[in-house]
Structures are given as structure tokens and as C-alpha cells.
Amino acid sequence: MPSIPILEERQAQIHRKGSAPFEMTCGKHSLAGSVSQRACVFCGSRVVLYPIADALHLIHGPIGCAAYTWDIRGALSSGPELHRMSFSTDLREKDVIFGGEKKLAAALDELIDQYQPKAAFVYSTCIVGIIGDDVAAVCRKAEKEKGIPVLPVHSEGFKGTKKDGYKAACDALFKLVGTGSTADITPVSINILGEFNIGGEAWLIKKYYEEMGIPVVSIMTGDGRVDQIRRSHGAALNVVQCSGALTFLADMMQETYGIPYIRASYFGIDDMAKALYDVADHFETHPAIMARTREIVRREVETIMPEINRIRRDLAGKRAAIYVGGAFKAFSLIKALRYLGMTVVLVGSQTGNDSDYATLRDMCDDGTIILDDANPLELSKYIIEKQADLFIGGVKERPIAFKMGIGFCDHNHERKIPLAGFAGMLQFAREVHTSVTSPVWQFVPTRAAVG
Amino acid sequence: MKSAMRTDYYTATQNACNLCAPLGAALVFKGIANTVPLLHGSQGCSTYIRRYMISHFKEPLDIACSNFGEETAIFGGGANLKIAIDNIRKQYCPDLIGIATTCLSETIGDDVPMFIKAYQNGCRDEDLPALVHVSTPSYQGTHMQGFHGAVRALVATLAETASVEGPLSVNLFPGMVSPSDLRQLKEMVAAFDLEAILVPDYSETLNGPLWTEYQPIPQGGTPVAALRRTGGAAASIECGLVLSGEKETAGTWLEDHCGVPLHRLGLPIGIGASDLFFASLAAISGQPIPGKYTAQRGRLLDALVDGHKHFNGVKAALFGEEDLVAGLAAFCGELGIIPVLCATGGGNGRFVQTVQSVVPERYHDQMQILEDSDFVTIEKTLEALAPDLLIGHSKGFTMSRRLQRPLIRVGFPVHDRVDGSRMLHLGYRGAQQLFDRIANTLIEEKQKKNHVGYTYY
Ligand code: SF4
Ligand code: SF4
């Protein structure tokens with residue numbers, strides 16, 4: 001096999017556990033000419049705000065940025081579905097020359113009248129930052145005229161990374177927080193942050209908390225509603241899913257409203273149980289909550305264990321590779337895969353930071369490859385070298401795995417099934433099992449060669 | 001008949017029925033052997049475009065990016081482009097790098113041809129890959145403009161006039177069709193003892209077998225050497241009736257600069273258009289139409305007669321890429337299907353006229369033709385038109401669900417079926433497959449609605 005060259009500049013973002021002192025570079029802008037799996041600032045903002053179902057999401061820019069993000073996520077809504085529409089100012093040459101403000105104003109006017117949203121988010125894409133539109137001013141004017149919040153999201157794609165996009169989205173959300181009435185919110189209550197209701201995951205999680213006796217004031221942003229966000233400052237605690245996307249908002253809410261936050265992950269049995277126990281601990285003055293939590297965990301685990309155990313027998317000793325957006329998800333996935341008896345041979349993320357990678361190193365076995373902002377060449381080089389049986393990633397990683405005859409599990413926003421929660425863990429196990437145990441691998445040339 | 005171009009300029013686009021220009025260009029570059037597409041702009045565009053195409057083709061699809069940062073946007077993208085080319089050369093050793101601009105680099109006014117020249121001057125002694133640039137600001141055109149622009153750029157950059165030895169060759173510019181279509185086109189041309197120089201040819205690069213070892217650039221595609229020979233071909237065939245109104249295309253370039261005669265045809269969808277295509281090949285090669293194809297045509301006509309009652313008077317809505325819709329409209333007319341709506345997100349101001357010219361006049365007063373349209377407009381229009389079925393790409397599914405009308409998937413993207421790459425639209429076999437799919441769908445609808453549950457139709 002021809003060796004796949006790794007660019008020198010990329011070496012520092014690749015680490016083989018146990019091979020050298022651990023020093024990884026991360027948080028770097030992607031290297032030009034390298035096919036990064038990352039997206040842009042706008043993508044980060046869009047991911048965070050997308051599930052807010054009764055808001056208008058207007059993408060200010062040429063058509064592509066809107067067309068590619070039309071209805072691409074499995075974020076479910078129990079009511080309105082305005083978030084599944086793709087609205088664009090569709091800038092043309094004339095706008096690029098003379099500015100797009102007029103068109104933006106007209107679009108807002110038209111769309112708000114037509115769809116009667118509870119708020120509007122206006123995303124700036126790359127060229128808006130160049131042609132110098134005063135998006136904030138147009139938004140202010142529309143807000144006054146229409147009587148709903150019209151929030152600019154400063155998400156010009158080139159001005160940073162996806163993380164900056166999370167931040168821009170949180171800034172926009174924070175403008176909503178604190179504008180609604182908190183009258184009937186009880187002192188024992190939480191917001192769920194960083195849960196996007198992919199395949200109905202937020203509903204699962206919310207149900208657990210409510211069964212524990214803790215009302216959920218708002219979910220940001222899964223199955224999101226503007227009015228819930230506006231009153232979210234009335235909650236006693238923010239539970240932040242670790243993706244990091246909503247941490248910025250949690251920080252701002254802590255500072256301004258004194259709401260503490262704890263981190264949670266809902267993937268895998270251990271982390272899911274911990275997420276519930278941690279919240280119960282927080283409300284320790286209500287011992288009944290902890291008692292109920294134990295009951296819920298016991299019941300849920302009992303429900304899924306028989307099948308999980310069956311699945312585990314087939315998966316024992318299989319090798320998995322993980323490449324996901326946020327490093328926190330990788331932590332949970334490592335644990336979940338180990339729970340299923342699998343070994344993790346490669347793990348990487350698009351946006352991890354120093355401490356994330358330190359944690360990863362501590363979690364991983366010797367020889368495991370750790371990658372930051374990897375490109376397809378690197379990913380394929382290492383999944384082949386490590387003879388992975390399964391790859392966990394997003395749509396962009398799937399064909400790499402399949403071409404080389406390796407099983408795949410989609411763990412991105414585009415999937416349709418819930419993988420969070422206890423029920424989600426079972427779904428995850430089934431997904432992995434369905435792929436890894438398929439008889440088609442027997443025909444795959446690479447595997448036939450290895451035997 | 002009513003037809004409309006969006007006249008009210010100050011209105012938002014709601015659920016676009018087109019994509020942006022660099023997507024088309026990147027797809028073309030994927031069809032050139034040992035080539036890496038490079039988008040000159042910021043990261044998001046290339047990642048989104050990759051994701052979108054991967055969901056359709058289900059193949060690895062590397063598109064590099066020059067990764068603009070904030071400084072780049074201020075000082076220009078020259079330095080980034082150079083680094084990007086350097087890195088691509090190191091990692092992929094390509095024969096060609098296809099550089100398409102994004103809105104960002106266009107807006108800040110990067111002079112890419114100058115950057116390329118400077119790069120080439122800086123590496124005079126090195127064995128450089130061909131560097132082909134196409135300007136693709138999406139505020140000027142859709143993915144189709146990007147597609148055709150890239151085909152033209154390839155030819156204009158590489159074609160050489162020198163006369164060519166060996167078998168007669170034909171330049172074939174098929175437009176944006178499926179890998180299956182491309183394979184079939186090559187077969188058709190080869191059957192006339194002609195060499196097809198297909199630009200682009202992603203029939204293998206985007207629809208290949210499993211790999212035994214990792215391929216940084218998937219095998220297949222039109223070789224760069226073949227692109228150089230386009231200037232010496234016996235003729236060029238350019239498919240697409242809407243495209244044929246365009247003054248500057250690959251075909252016109254070769255005609256103007258190298259004297260290669262140009263045949264401008266519609267996409268060979270349906271009987272009449274396929275007949276014309278075969279007639280052109282016969283004329284260029286001086287050979288009769290091979291028996292294999294007359295047999296295919298014969299079977300198709302036989303099926304048409306057997307099934308004609310299922311079609312006549314049925315109303316269909318067509319949407320998608322302009323030349324595909326025009327081709328399908330013509331085929332519908334041949335079957336007796338009334339294309340009550342023909343809609344595209346692009347069109348270039350030539351769509352309405354083109355569609356009118358291919359559909360029998362007796363249907364015109366029942367038809368609406370929408371150019372530069374979007375899905376919200378299309379759906380609203382369809383509520384009144386009440387078509388029996390929809391023919392278009394996957395993004396029409398939600399609409400088909402709300403309207404409770406079946407959707408026959410064609411073209412790009414097909415994100416919700418497994419066979420987007422393998423769908424056949426062209427030639428007699430393509431017509432046969434379309435015919436079968438449409439007929440079976442109509443029968444299935446009848447069967448579902450009928451309470452008796454007949455097992456024969
Ligand atoms: S900025 Fe232009 S090139 Fe990039 S995705 Fe948007 S429309 Fe396409
Ligand atoms: S134009 Fe900018 S915002 Fe839009 S997709 Fe490209 S990088 Fe992202």
C-alpha cells in the first residue's frame with residue numbers, strides 16, 4: 001500500500017498514545033489546502049439555533065449557505081416547524097455592489113408578515129462582513145416595526161471557527177433570556193442546555209428530569225420555543241450538555257442572573273446516570289428527588305440490559321474509531337463503546353482544546369491515535385493501520401469508512417434516531433451491532449486480505 | 001400558458017431550488033483524472049458542498065479549501081492560495097488542480113489568474129500540475145453556471161489545436177448527469193467507433209468499487225492529456241437546450257479557437273432527443289446506428305404502446321436543473337403527460353422559451369413555467385394545478401408529502417434513495433427506465449386507491 005503522506009504542519013495535531021511526551025496543538029485555524037472536516041462560524045451558529053421551531057431563521061448572503069443547511073438536521077419539534085424552512089436573502093451581484101440592506105429589510109418585512117414568528121434570527125454570512133451591511137441597524141428597525149425580537153447573529157464564516165459561531169449564537173440567545181415572565185417557575189427547576197432534540201433526544205431527557213420531580217423551564221435549543229427561552233432565567237440550575245456549544249450562554253447566565261450550571265453528558269449508561277444523579281445532588285435539600293432518581297436509573301437500566309448483554313457478546317474485542325465535532329462527545333463514546341466490549345483505536349475531534357486532549361490521552365489505551373482537526377487522508381491512514389471494525393462520525397466520514405470496508409455509525413446532527421438517554425444507549429448498541437455484524441464485510445477486499 | 005421570472009426583486013428565497021456555483025465546478029473537477037478541486041474562500045462553503053455531494057454520491061469526495069481567515073479577507077487570498085496549492089501537491093501529487101472561487105474571494109476582488117501566474121513563475125523548474133481557474137461567484141449564477149463554467153475553463157486552459165493522429169474523437173459535454181448516464185454515453189459513442197472525450201467524466205470517481213487500498217484521489221476521470229486533445233476532435237457535442245443559448249461555452253470556445261464543429265443538442269431524454277443524439281453520432285462517424293440501439297429503441301416503442309393508456313392526460317410537475325426539466329418536459333410530451341408545471345431555480349432567462357419549444361402546443365394553455373423559482377412558490381402553484389405526480393429531485397419530497405402526490409426521483413440531489421448515482425435518464429435505455437418508473441408509480445397509485453385490490457393492470 002502506498003504510504004499516505006502526512007503534512008509536516010499537521011504532525012503536531014496527531015498523537016500516538018505512549019509514543020512521546022504528550023504535546024498536541026489544537027484550536028488552530030485549519031491549514032490551507034488541507035481538506036478539513038470542519039465547517040465555519042455560520043455552521044456553529046446554525047447548529048445551535050436551528051431547533052428553535054417558532055423563530056424565523058433568515059440567512060443573509062448568497063444562496064448556497066442557506067441551501068446547504070435546509071432541513072438537514074433531525075431536530076424534532078412537537079409543534080411549529082418553521083425551523084425546517086430555509087430562508088435566504090439570496091444576494092445577487094447588484095446587492096454585492098450596492099449593499100444588501102434594502103433586500104434584507106424587505107425580506108424581513110415579507111417573511112415576518114407571512115409566517116408570524118415569535119422572533120427572527122438574521123445570520124450574517126461571509127460576504128456580508130465584506131460589503132459592509134449594517135445588519136444590526138436593519139434588525140433594530142424591523143424589531144420596532146414588527147414588535148418581535150429580531151436578532152442579528154454575527155456568523156460571518158471566515159471570522160473564526162465553529163466555536164465562534166457557538167458564541168455568536170449564545171450572544172443572540174442571551175438577548176432573549178430575561179425578557180419573559182418567571183412568575184410561575186418553582187425554585188426547583190432547570191434549563192437543559194446544549195441538547196438539540198435529534199430524533200427526540202431532548203424529550204427523553206426531559207422526561208427523566210420531570211419524573212425526578214424537576215420541572216424543565218426551557219430546553220436550549222431542542223424543540224425550542226422563543227417564549228421558553230425568554231423566561232429561562234427563572235430556572236434554578238442550568239444543566240449544560242458538554243458539547244461546549246452552550247457553555248458561553250451558561251457563563252453569561254451565571255454572571256448576570258446568578259444561575260449556577262453543571263455539565264452533563266447523556267450518552268452511555270454511566271454518563272446518563274451521572275447526569276441525573278448530579279442534578280439530584282444539586283437539589284439535595286429535597287431527598288425525595290434522589291430517591292426517585294435511583295428508581296428511574298434502576299428501571300431504565302433493567303429495561304435495556306438484557307438486549308445490551310446480547311449485543312455485547314457479538315461486539316467483544318471489536319475495534320472502533322471515533323471522529324466527532326466536540327471532544328466531550330468523544331469521552332462519552334469511548335466509555336459507551338468500552339461498555340459494549342469494544343476497544344477504541346483512534347479518537348479525534350474537530351474542535352477540542354488542550355484540556356480535552358489531555359483527558360483523552362488519560363482515557364485511551366497505549367497505541368491509540370489521537371487527532372485534532374483531521375483530514376480524510378489522515379483518517380483513512382489510521383483506520384486502516386488500526387484495522388478498525390467500526391467508525392463513528394458524521395456524513396463526511398461515512399464514505400471513507402465504507403470505501404475501506406469498515407462499519408459505520410452516524411453520531412452527528414443529521415441522524416434521525418435518538419442515541420442519548422438510556423433508551424438511546426440501546427439504540428446506539430443496535431446501530432453499532434447492525435453495522436459491525438453485517439455479513440457484507442466478508443466480501444470486502446481489504447478484510448479478505450487480512451483474513 | 002403562464003410563465004414567470006421572478007420580477008419582484010425584493011423578496012426572499014424560500015427553500016431554494018438551486019445550489020451555488022462552486023458546487024457545479026467542484027463536481028466537474030471530480031470528473032478529471034487525478035484532480036483535486038480547490039475552493040478559494042473560507043472553509044464552510046467547501047465543507048457544506050462536500051457534505052451535500054457525499055449524501056448523493058455516497059463516495060469519498062475531497063474538496064480542498066484555501067481557508068480564509070480574517071486577515072486573508074483584509075489582505076487578499078494570494079498567500080493562502082499558494083499554501084493551499086503547495087499542500088495539495090505534497091499530499092495528492094495531482095495532475096490538475098481545479099480552482100473555483102467562492103463569493104468571499106470574489107467579493108474582496110482576488111485576482112486568481114494573477115496568483116496562478118505568479119505561482120507558476122515561482123516554480124519554473126518544477127513539474128507542476130495543470131492549474132485551471134473558474135470564476136464562480138454564486139451571486140451571479142447557480143450550480144449549473146458553475147458546472148458549465150468549469151467545463152469551459154478546462155477546455156480553454158488546456159486544449160491544443162494540433163491535429164491528432166489515431167481514431168476520430170468527439171468531445172462530449174454532457175452536462176450534469178448521473179454516473180450511470182455517463183457510462184452509457186461513453187458506450188454509445190464507442191459503438192460508432194469514435195473515441196469519446198467526455199468532460200467531465202465522474203462515472204468512476206464518484207461511482208466506483210470498494211478499494212483495496214486507500215486512494216487519495218479515486219481512480220477514473222478524463223485524463224488531462226485527453227483534455228489537451230479536445231482541440232483536435234472531429235466534433236463537439238454539447239447537451240442541454242437551455243445551455244445552447246449560451247454564447248460562451250466549452251463547445252463555442254473550441255469552435256472559435258480550434259475550429260471544432262459544434263453540435264448543440266438537448267439532453268438525450270426520451271425518443272426524439274435520443275434520435276437526434278444518435279443522428280449526430282452517425283453524421284460525425286459516417287456509420288449507421290448500431291443494431292443494439294435500434295433494438296433498444298424498438299423495445300422502448302413497444303413498451304410505449306403497451307402502456308400508453310396509463311399516461312395520456314396525466315398531469316406532472318417537473319422541477320430541478322433547467323436542462324433536465326426541459327428534457328423531461330419533451331419526454332412527457334411524447335407520452336401524453338401534460339407537464340403542468342416546469343420549474344427551475346436557475347434558468348438564465350432562456351428557460352421559458354426553451355420549454356415551450358419542446359412541448360406540443362396543445363398543452364401550452366395548461367402549463368406554467370417558472371424560472372428563478374423556489375420551492376415555496378412551486379408548492380403554492382401546485383396547490384392549484386393538482387398534478388398527478390411530481391418528477392424532480394429529493395428536495396421536493398416534503399412538498400410531495402403535503403400534496404399527497406408521488407415523487408419520481410431524478411437528477412441531483414437524490415439524498416433519500418440509495419441509487420442516485422445509478423439512475424439512468426439518457427438514451428433509449430434511460431427513457432425505458434423513466435417510462436417504467438413512471439408507469440409503475442401510476443399503477444401503484446391506482447392500486448392503492450382501488451378498494452377491490454386487483455392484482456392485474
Ligand atoms: S458563500 Fe457563495 S460559494 Fe459559499 S456557500 Fe454561500 S453561496 Fe456558496
Ligand atoms: S460563505 Fe461563509 S458563512 Fe457561508 S458557508 Fe461559506 S464559510 Fe460559511
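**Salt bridges and domains in a predicted structure**

Glu211(A) has a relative accessible area of 29% and is therefore partly exposed. This residue belongs to a predicted model, and it offers a convenient starting point for a walk through the structure. The partner of Glu211(A) is Arg299(A), with which it forms a salt bridge whose closest N and O atoms are 2.7 Å apart. Because Arg299(A) lies in helix α12 (residues 287–315) of chain A and Glu211(A) in helix α8 of chain A, the pair ties together parts that are 88 residues apart in sequence. Arg299(A), at 30% relative accessibility, also counts as partly exposed, since this class covers values that are neither under 20% nor over 50%.

Helix α8 of chain A, which spans residues 201–212, also contains Glu201(A). The side chain of Glu201(A) meets that of Arg415(A) in a salt bridge, with an N to O distance of 2.7 Å. Here the link joins distant parts of the chain, for Arg415(A) is in the loop between β14 (407–410) and α17 (421–436) of chain A, and the two residues are 214 residues apart. Are these two partners buried or exposed? Arg415(A) is buried, because its relative accessible area is 6%. Glu201(A) has a relative accessibility of 2% and so counts as buried too. The cut-off that applies to both residues is a relative accessible area under 20%.

A further pair in chain A consists of Lys146(A) and Asp113(A), which form a salt bridge with their closest N and O atoms 2.9 Å apart. Lys146(A) lies in helix α6 (residues 135–146) of chain A and Asp113(A) in helix α4 (residues 101–115) of chain A, so this salt bridge ties together parts that are 33 residues apart in sequence. Lys146(A) counts as partly exposed because its relative accessibility is 23%. Asp113(A), with a relative accessible area of 43%, is partly exposed as well. Elsewhere in chain A, salt bridges link Asp71(A), Glu81(A) and Arg84(A) in a network. How many salt bridges does the whole structure hold? Over all chains, the search finds 36.

Attention now turns to chain B, which is divided into domain 1 (21–158), domain 2 (169–291) and domain 3 (293–449). The centres of domain 2 of chain B and domain 3 of chain B, taken over C-alpha atoms, are separated by 24 Å. Contact between these domains involves 32 residues of domain 2 of chain B and 35 residues of domain 3 of chain B. Between them, an area of about 2800 Å² is buried, and carbon and sulfur atoms give 59% of it. Which three residues supply more than any others of the area that domain 2 of chain B buries against domain 3 of chain B? They are Val242(B), Ile269(B) and Ile271(B), which supply 26% of that area. Charged side chains also take part, as two salt bridges are counted between domain 2 of chain B and domain 3 of chain B. Within chain B, the side chains of Arg350(B) and Glu246(B) meet in a salt bridge at 3.1 Å, N to O.

The last stop is a nonpolar patch on the surface, formed by Val452(B), Tyr454(B), Tyr456(B) and Tyr457(B). Together these four residues have about 440 Å² of accessible area. Val452(B) is found in the segment after α17 (427–449) of chain B. Because its relative accessibility is 47%, Val452(B) counts as partly exposed.

Notes. Residues numbered from 1 in each chain as written. Chains lettered and ligands numbered in written order. Predicted model: local features only at pLDDT ≥ 70, side-chain atom pairs only at ≥ 80, totals over all residues. Heavy atoms only, no water. Patch = residues over 30% accessible without salt bridge, like charges linked within 9 Å, V, L, I, M, F, W, Y side chains within 5 Å. Areas by Shrake-Rupley, 256 points an atom, 1.4 Å probe, with all protein chains shown as cover. Helix = DSSP H or I, 4+ residues; strand = E, 2+ residues; numbered from the N terminus. Buried < 20%, exposed > 50% of the residue type's maximum accessible area, 1.4 Å probe, protein only. Domains from an automatic or database assignment. Contact = heavy atoms within 4.5 Å. Buried area = accessible area lost by both parts, 1.4 Å probe.
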